[in-house]
Protein chains: 2
Amino acid sequence: MENRQVVLAQRPVGMVDHTTTTIVTTPAPTCGPNEALIKVGLVSIDPTIRTWMNDAPGYLPPIGLGDVIRSGGGGVVVESKSERYQVGDVVIGVTNWQEWVLATEENRFNVVPSGTGLDLATVMNVLGTTGLTAYFGLLDVGAFKEGDVVVVSGAGGATGSVVGQIAKSRGAGKVVGIAGGPEKCAEVVERYGFDECLDYREPRLTQRIRTSCPTGVDLYFDNVGGEILDAVLANIAMHARIVMCGAISQYNAMERPPGVANTSMLIMRRGQMKGFIVFDFAKRYGDAQLELGAMVLNGTLAHQEHLVHGLEHAPEALNLLFTGGNHGKTLVVVDDSVRLT
Amino acid sequence: MENRQVVLAQRPVGMVDHTTTTIVTTPAPTCGPNEALIKVGLVSIDPTIRTWMNDAPGYLPPIGLGDVIRSGGGGVVVESKSERYQVGDVVIGVTNWQEWVLATEENRFNVVPSGTGLDLATVMNVLGTTGLTAYFGLLDVGAFKEGDVVVVSGAGGATGSVVGQIAKSRGAGKVVGIAGGPEKCAEVVERYGFDECLDYREPRLTQRIRTSCPTGVDLYFDNVGGEILDAVLANIAMHARIVMCGAISQYNAMERPPGVANTSMLIMRRGQMKGFIVFDFAKRYGDAQLELGAMVLNGTLAHQEHLVHGLEHAPEALNLLFTGGNHGKTLVVVDDSVRLT
């Protein structure tokens, strides 16, 4: 059996292009004791993958040149020599961008319970890293409280859309999204139920945030960084909390970005900016997934998955996250025949 | 009786100069019921005064054109129609830059206990706003813990020097100052007992912080902002806390400053930046003053006051804070005849 893999050919400058990755074909791995062989069905496309392509320190080591692109994913167990996995189990974990992967002692997968009625794409979206990031970022890092005026950038994205919906369901005073373009903004309000959505491509964002949030922003969930972060900083309320989740405006920067100018507002308003990585909350994923899964099943958490077919299109799928060309959680379908429910 | 006052003549662009303020002479205020008349001895020179001269939102309203420059200060009660004050009491509070001030119901002063043996200049330094800012910023906002690697900018200044000494006395793993020029740096180590002091005027500050703090910076007390903040951000340890106290590198900026580029390190290292204003801790000043006063009396807290004589020199004294021309807490002696102990 052959294993097609997308490997890092050279480190990108700016957006990923056809020189960044190459497809190699290797023999599929064989299953040793305490291991299981997984046929990959979906791989996850996340902005953070772009950061791993740089030769720079991060929360994980950079992807090495010639290494398979690191990512989450899901699939089905086709052979098992481990007590943890049964043939036919749907599992999620670190698959990387390839067709086959081994579950090992070092690279464990989680078995998706078969009775939930949630398909794998939904699980990877809402119950996966993006949904969990929304949950812990808002509630733990951001210490959300009822009545908070919440602003969320990347509001049409997989994480942002969940942040806004949790905040609404828990009694936010107001939830304002920031997204790119009128279509995205309409989606944020109509599909995800935000009170408003501001288009960052239009001028005078700082003033528009002030109009939307006249008492100031209590909690800002930042997926974007850069100028949008500055515009929100100019409008924070006393004791505001800024959750630093990501900075997608910076990930493809070819030059040193201009930087955040309004940090002094943290002094004036006694605010805080706090960064986090969702992995730190791994022990509590179960509780969050219970709540998020229930919200999906009772219809209070809208979600959508943007499926791109073909492993070879994974690099273009990654670029969609930065151009705004995706709608919802972006996943690459590696093998259509893999059962996803 | 006449009252010389320094008033704001026009808003400065960049450093304060001879066009910024003017001296006016008005009749000294007269003491009404529940009021006391204070002869001002010293006024406090603090970087924040520069921010109040701008027509920009802040934690206090801007100083109005034609208004006396706002500042802390100390003096002696010469007449009292209030139960709170006795003639002869040494008091501290908001005097503004002038020779006479009334203590009123709205503008209350604190009576300095007469038995401490501490002179007014020391009280205004270590037990005043600058010392209290160091205390609450390090211990409460920064959640200092034993073993922390602490970096302090403006380390030769009134606040920074106290931060480092409290951190040392409470068991910091290492205390590294950042200051301008070899003379200041020597003072920070020799007089204030920091383990090291880095000269920000020399190149490669980021690399030198890395060398001094190979395990990363656990707590950064930032008085300066700008490039120095960026250099420290590049070196933060996991779960680092950055205390945003001030940003003196920005206060005279003629153009929009370049901004802070390395905020993504807060994500990578799960760090936080937190701003504060010492006034928020007013209810706990007494406890802090007890500890700080004891440290002075038992010789574990070195301090020095930089006295500038003559109210008319207050604007130049303010500029010293930005050029680094002061050594320790800068105070203007308004009247040499006022008893300071």
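**Figure 1. A strand pair in chain B, seen at Asp222(B) and Met244(B).** Asp222(B) sits opposite Met244(B), a residue of strand 12 of chain B. Keep in mind that this is a predicted model. The two strands here are strand 11 and strand 12 (residues 236-244) of chain B, which run parallel and pair over five bridges.

**Figure 2. The other partner of strand 11 in chain B.** Strand 11 of chain B also pairs with strand 8 (residues 149-153) of chain B, again in the parallel sense, this time over three bridges. Look for Val151(B), which faces Tyr220(B) across this pairing. Is strand 11 of chain B (residues 217-222) enclosed or open? Six of its six residues are buried, so strand 11 of chain B is largely enclosed by the rest of the structure.

**Figure 3. Where strand 13 of chain A meets strand 13 of chain B.** Here's a pairing that crosses from one chain to the other: strand 13 of chain A and strand 13 (residues 272-275) of chain B line up antiparallel over three bridges. Met273(A) stands opposite its namesake, Met273(B), in strand 13 of chain B.

**Figure 4. The wider contact between chain A and chain B.** Zoom out a little from the strands, and you'll find 28 residues of chain A in contact with 28 residues of chain B. On the chain A side, helix 8 (265-268) and strand 13 (272-275) are the elements that give two or more residues. Which of them supplies the largest share? That's strand 13 of chain A, with four residues. Sort the chain A side by class and you get 13 nonpolar, 10 polar and five charged residues.

**Figure 5. How the two copies are related.** Any two copies of a chain are related by a rotation about an axis plus a shift along that axis. For this pair, a turn of 180° and a shift of 0.0 Å along the axis lay chain A on chain B with an RMSD of 0.0 Å. That is the relation of a two-fold axis. And which surface does each copy use? Of the interface residues of chain A, 100% are also interface residues in chain B, so the copies meet through the same surface.

**Figure 6. Two domains within chain A.** The domain assignment splits off domain 1 (2-111 + 304-333) and domain 2 (129-279) in chain A. Notice that domain 1 is written as two stretches of the chain. How far apart are the C-alpha centres of the two domains of chain A? They lie 29 Å apart.

**Figure 7. The contact between the domains of chain A.** At this boundary, 16 residues of domain 1 of chain A touch 13 residues of domain 2 of chain A. On the domain 1 side, helix 1 (47-52) and helix 10 (314-323) of chain A each bring at least two residues. Helix 1 of chain A has the largest share, with four residues. By class, the domain 1 side comes to six nonpolar, seven polar and three charged residues.

**Figure 8. Stepping back to chain A as a whole.** Chain A has 10 helices and 15 strands. Its radius of gyration is 20 Å, close to the 20 Å that the globule rule gives for 341 residues, so chain A is as compact as a globular protein of that length. The C-alpha atoms fill a box of roughly 60 × 45 × 35 Å along the principal axes. Of the 341 residues in chain A, 51% count as buried. What about contacts between residues at least 6 apart in sequence? In chain A, 66% of those join residues at least 24 apart.

Technical notes
Residues numbered from 1 in each chain as written. Chains lettered and ligands numbered in written order. Predicted model: local features only at pLDDT ≥ 70, side-chain atom pairs only at ≥ 80, totals over all residues. Domains from an automatic or database assignment. Contact = placed C-beta atoms within 7 Å. Nonpolar A, V, L, I, M, F, W, Y, C, P; charged D, E, K, R; others polar. Pairing = 2+ DSSP bridges. Least-squares fit on C-alpha atoms with pLDDT ≥ 70 in both. Rg over C-alpha atoms; globule rule 2.2 N^0.38 Å. Buried ≥ 20, exposed ≤ 12 C-beta atoms within 10 Å, placed from the backbone.
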